[in-house]
Amino acid sequence: MHELSIALGILEITEEEVERRGGVHVDAIHLRLGPLSGVVADALQSAWQLASEQTEFERSRLVIEEVPIAVFCSKCQAERAVQSIQQFCCVECDTPATEVVRGRELLVSALELAE
Amino acid sequence: MSAQPQIATPRIVEVRQNILKRNDELARELRRRFQAAGVFVVSLVSSPGSGKTAFLEKTLTLLKQRQYRPAALVGDLATDNDAARLARSQAPVKQITTGTLCHLEAAMVEKALEDWNLEELDFLFIENVGNLVCPASYDLGENLRLVLLSVTEGEDKPLKYPTIFNSSDVAVVTKVDLADAVEFDWNAAHANIQAVRPGMAVLPVSAKTGQGMVAWLASLPGLAALEPAK
């Protein structure tokens, strides 16, 4: 359960942003999360409730956008999806894929603010 | 003038901050320090009981016998049993007790190295907490990440934990002396590893019999010419 550490990281980034901008209220925190980040969205939502409790972000929602895995297929010479996280092959031509382009994301992408 | 009430419109501001940026920055700094000191750093991840400590003890002992200067950091939730076992190799060993934390982070590695002189080492091994989930997210500044899979765990571990296999460089299959006894299916294991991480090197080893240990050591930089065990 390392989602709590991740939630505390989100809290820290949000605090920094709010401090920098001054006098804003955060309605929602938008995240981008890839399947290869090692973080589970549901567990992160629960961890966020714990981490944000009794902070000014207690009521701020986490909006998690899951980013699908994309690879660069050496045969297609193009960016492609994979068959699944258990089958790292190009969906178009079945070529095994080694170059991950997307899917490791673990970031705060945006904040939804109310003045 | 319309009498519409004023509704504060939410506005979206872009942030784009990596949540683990602090860990990643620290890991980069560690990697720079390791390189400057000429230390090659290997981390080990696996589930509990897969034979990480036995494999590491054998590795440290064999490197010491060949006049290399290895050292190890070992993460464990509560005990220092692993560090005590590894210390038998005569290599410097330090325990990182993580408490309730299920993985190592770069800051823990940095702290554990505070009173070690990296210039005096050739290899540093970092044994992560036994866990195939959480360690995947944390860069520790290592050059090589090994994921260990014992023959007693079953061939489908890579499919159950694709993220950790995908984030590792080499798969080490341990306890191969037991492979026949548990009817380990090599073809299935190999296919599953290649499915989640195409092209991944697979090294079968037994710390008990020594099988595969020299081939493993020979894959480390500068050790290619290692003599096979007599």
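What pLDDT does chain B average? Chain B averages 91, and 93% of its residues score at least 70; pLDDT is the predictor's confidence in each residue, from 0 to 100. This is a predicted model, where local features need pLDDT of at least 70, side-chain atom pairs count only at pLDDT 80 or more, and totals for chains, interfaces and linings use all residues. Residues are numbered from 1 along each chain as its sequence is written, chains are lettered from A and ligands numbered from 1 in the order in which they are written, and side-chain values use heavy atoms, leaving out hydrogens and water.

**Confidence**
- For the complex, the predictor gives an ipTM of 0.88 and a pTM of 0.91.

**The sheet with strands from chains A and B**
- An open sheet of 4 strands follows the order β2(A)-β1(A)-β7(A)-β1(B), with mixed pairing; strands are DSSP runs (E, at least two residues), numbered from the N terminus, and two of them pair if DSSP finds at least two bridges between them.
- At its edges lie β2 (61–66) of chain A and β1 (11–18) of chain B, each pairing on one side only.
- Inside this sheet, β1 (residues 25–33) and β7 (residues 106–114) of chain A run antiparallel, joined by 8 bridges, and Ile29(A) stands opposite Leu111(A) in β7(A).

**Hairpins in chain A**
- β3 (residues 70–73) pairs with β4 (residues 78–84) in the antiparallel sense over 4 bridges, with Ala78(A) as the bridge partner of Cys73(A).
- Between β3(A) and β4(A) the hairpin has 4 residues, and Gln77(A) in the turn has a positive phi of about 55°.
- Another hairpin links β4(A) to β5(A) through 2 residues, and Ser84(A) stands opposite Gln87(A) in β5(A).
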